[in-house]
Structure formats: structure tokens, C-alpha cells
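Morning, everyone. I'll take a few minutes on one structure. Please look at the screen.

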Amino acid sequence: MTTRQQQSAYLQAMGIQAWERRVAPQNEVQGDERGVAMLADQGLPSAVPPAVVSEAVVPVSAVALPERVSPSVGGAGEEEPPPPTDDYCPSLEMCEAEGQPLAAPAPLPDVRSLDWPALQAAVAGCTACELHRSRTQTVFGAGNRMAEWMVIGEAPKADEEQQGEPFVGDAGQLLNNMLRALGLGREQVFISNILKCRPPEDRVPRPAEMSQCETYLQRQIALVAPRVILAMGTVAAHHLLKVDTAVTKLRGQLHHYGEIPLVVTYHPAYLLHKPSEKANSWADLRFAAAVVAGSVLPGDGGGRL
Ligand code: URA
């Protein structure tokens, strides 16, 4: 099987039909030298025309300035659910109900100078928030610690907690297919989450939990020093960018987390429920690939997909 056939097979597994379109050869992105552009099957073409999708890899004289703080827009059709706005922690209530003493959460260690083993140990022993009471193990992150791509999701679910690795359930399988469609093996990227502990009942992470845990994520990002961060889903995008703008509006623009370019896309779990968005998700991945390839420059201005 040729590389192209393999790529088509993976895209089909994602529910996306591949067709060939050459775009701006001088700016073609890594892993996509054949200029394959994507079009959703299942009656999507009118919603996502190929010319629009291909903008992700065309010379990017059209990329919006990083949107560091945006007003809430919301309401753009169906959207991933927003994160909670309070910082009430139901696990405290749980502890009270069980009659356990409520020990004050331990302060976070200063992780800024830690190497990988020390950081992993710090995460494994973390008791900075109440999630440590319900977790069976932490989910640190996995993959290439010198990766060009860093993929950041929300929080481990049951499968991830059981295996101690992020994105190994159904959403993870789809993520693997998405990466393969780009010519990337899962082991070539570094995959992590905003939270390193599974919230009870897989509830949405609380702002206080995310803020505490961001300390570890920041150190992971500093150690990996990726060329691009792919923020998957509402929770990751909102927390990393400190905005509450709908993902629909955040995608297709170049953002930054500190100095690191950041691209927002849908969470794979959302795509499993809304496969018609896979074509847009593919456009996001191509956009991120263009960032890695250096063909998207900050300040190029206005690049909505
Ligand atoms: N969803 C996430 O956001 N992260 C995982 O690791 C698994 C599912």
C-alpha cells in the first residue's frame, strides 16, 4: 500500500472522503506533499467547500492575529457544552457525606525546574485538589517528549485512568486516525490533558482544578517545546486561551499559549457524536500542520477556514 493509499484508508476510518487537490506547492505542509484536500462524505460538501478547506494550507497571508481575550459569542449553531463557571467542588461534598476529615489541599510544588522523571513523580503524588481522593491513578501524558505537536484534551475518562494513558478510549481511536491521516503516528506527538486526574463521574473539570493542574501542563509544554499546540475541545481551548468564545469561532485562527502557536479544534468525542464536523476538524489539522511547517506566520492576518 502506498503512503497515499494508507492516508486515504485512515481518512475513510475518520469518515472523511479524500480527493486530490494541489494547492500552493511552495507552501505545502509536512506529511501532505501530495496536496490531498478533504471533503466530508455524508452530504456535507455544500457546508464545507473544498476551496474553503484548502485555505488552511495556502500561503497564509490570511491568518488572524492571536485572539487572546475575546468576548463571548456563543450560539453559533450546535456547540460543545461550555465549562462550568463556578468553582464549587462536589468532591468536597462527597467527602463530607462520607464523614472524612477535610484536609487542606497540599500546596503545589514549584515544578518550573523539574525534569521529566521528577515532574511525573510530582504529578503522581499530587494532592493539590480534591480529585486525588477519587482517582485510582494519575494520567501524566504520553508520546514523544521532543514532539513538534502537542495535543491537549480535557481530562482522563475511565479508560484513560485504567490504562494510565491519555486518549485510549473511543475518542482516542479517532484521534489516532486523525493523526495518521496527517502521516503522524501517535508516538510522534505528545498527548496530554488539562487535568491529570479523572473527575468523578467524568464530570466537567472545575476552574479551580484546571488552574492548579495547569502548573504541570505548563512545565510539560516548556519541556516539549512543541511547534504547535492542538487544543481539543471547549474545555481545553477555553482554559488555555482564557476566553469563553465558542470553539466554532476559535478554530481557523492562529492563537498562542505564551510563545507557542496554538490551534483550536473540536474534541474527538464531539466528532463521534457529530461526524459532519469531521471535515472541519480535518481543515484544522491541516492548518496546524501548516503552522508546524512554518507557512503560517503570526500577524499574517485573517484566516478563517
Ligand atoms: N477525553 C479527553 O479529553 N482526554 C482523554 O484523555 C480522554 C478523553
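I'll go through the ligand site, then a group of aromatic rings, then one arginine.

A caution before we start: this is a predicted model.

Let's begin with the ligand. Which residues are around the ligand? Going along the chain, we have Gly153, Glu154, Ala155, Lys157, Glu160, Pro166, Phe167, Asn193 and His267. By character, that shell splits into three nonpolar, three polar and three charged residues.

Now the contacts with ligand oxygen. Glu154 uses its backbone: an N or O atom there sits 2.7 Å from an oxygen atom of the ligand. Phe167 also uses its backbone, with a polar atom 2.9 Å from a ligand oxygen. With His267 we move to the side chain. An N or O atom of that side chain is 2.8 Å from an oxygen atom of the ligand. And how much of the ligand's accessible area does the protein cover? On its own, the ligand has 240 Å² of accessible area, and the protein covers 97% of that.

Next, the rings. The structure has three aromatic pairs. Take Trp116 and Phe140. Their ring centres are 5.9 Å apart, with 85° between the planes, and the pair is edge-to-face. Look at where the partners come from. Trp116 belongs to helix 4, residues 116–124. Phe140 is in the loop between helix 5 (131–134) and strand 3 (142–143). That puts the two 24 residues apart, and the pair links distant parts of the chain. Both Trp116 and Phe140 are buried.

Trp116 has another partner, Phe190. Here the centres are 5.3 Å apart and the planes meet at 45°, so this pair is tilted. Which parts does it tie together? Trp116 is in helix 4 and Phe190 is in strand 5, so the pair joins parts 74 residues apart in sequence.

Are these two buried or exposed? The cut-off for buried is under 20% relative accessible area. Trp116 comes in at 13%, so Trp116 counts as buried. Phe190 is at 0%, so Phe190 is buried as well. Put the pairs together, and Trp116, Phe140 and Phe190 form a cluster linked by ring pairs.

Last stop, Arg203. Find the loop between strand 5 (190–193) and helix 8 (207–224); Arg203 lies there. Its relative accessible area is 13%, so this arginine is buried. What does the side chain of Arg203 contact? The side chain of Glu209, through a polar contact of 2.6 Å.

That's my tour. Over to you.

How values were computed. Residues numbered from 1 in each chain as written. Predicted model: local features only at pLDDT ≥ 70, side-chain atom pairs only at ≥ 80, totals over all residues. Heavy atoms only, no water. Near = heavy atom within 4 Å. Polar contact = N/O pair within 3.5 Å; in protein donor to acceptor, adjacent residues only side chain to side chain. Areas by Shrake-Rupley, 256 points an atom, 1.4 Å probe, with all protein chains shown as cover. Nonpolar A, V, L, I, M, F, W, Y, C, P; charged D, E, K, R; others polar. Helix = DSSP H or I, 4+ residues; strand = E, 2+ residues; numbered from the N terminus. Buried < 20%, exposed > 50% of the residue type's maximum accessible area, 1.4 Å probe, protein only. Phe/Tyr/Trp six-rings, centres within 6.5 Å; stacked < 30°, edge-to-face > 60°.
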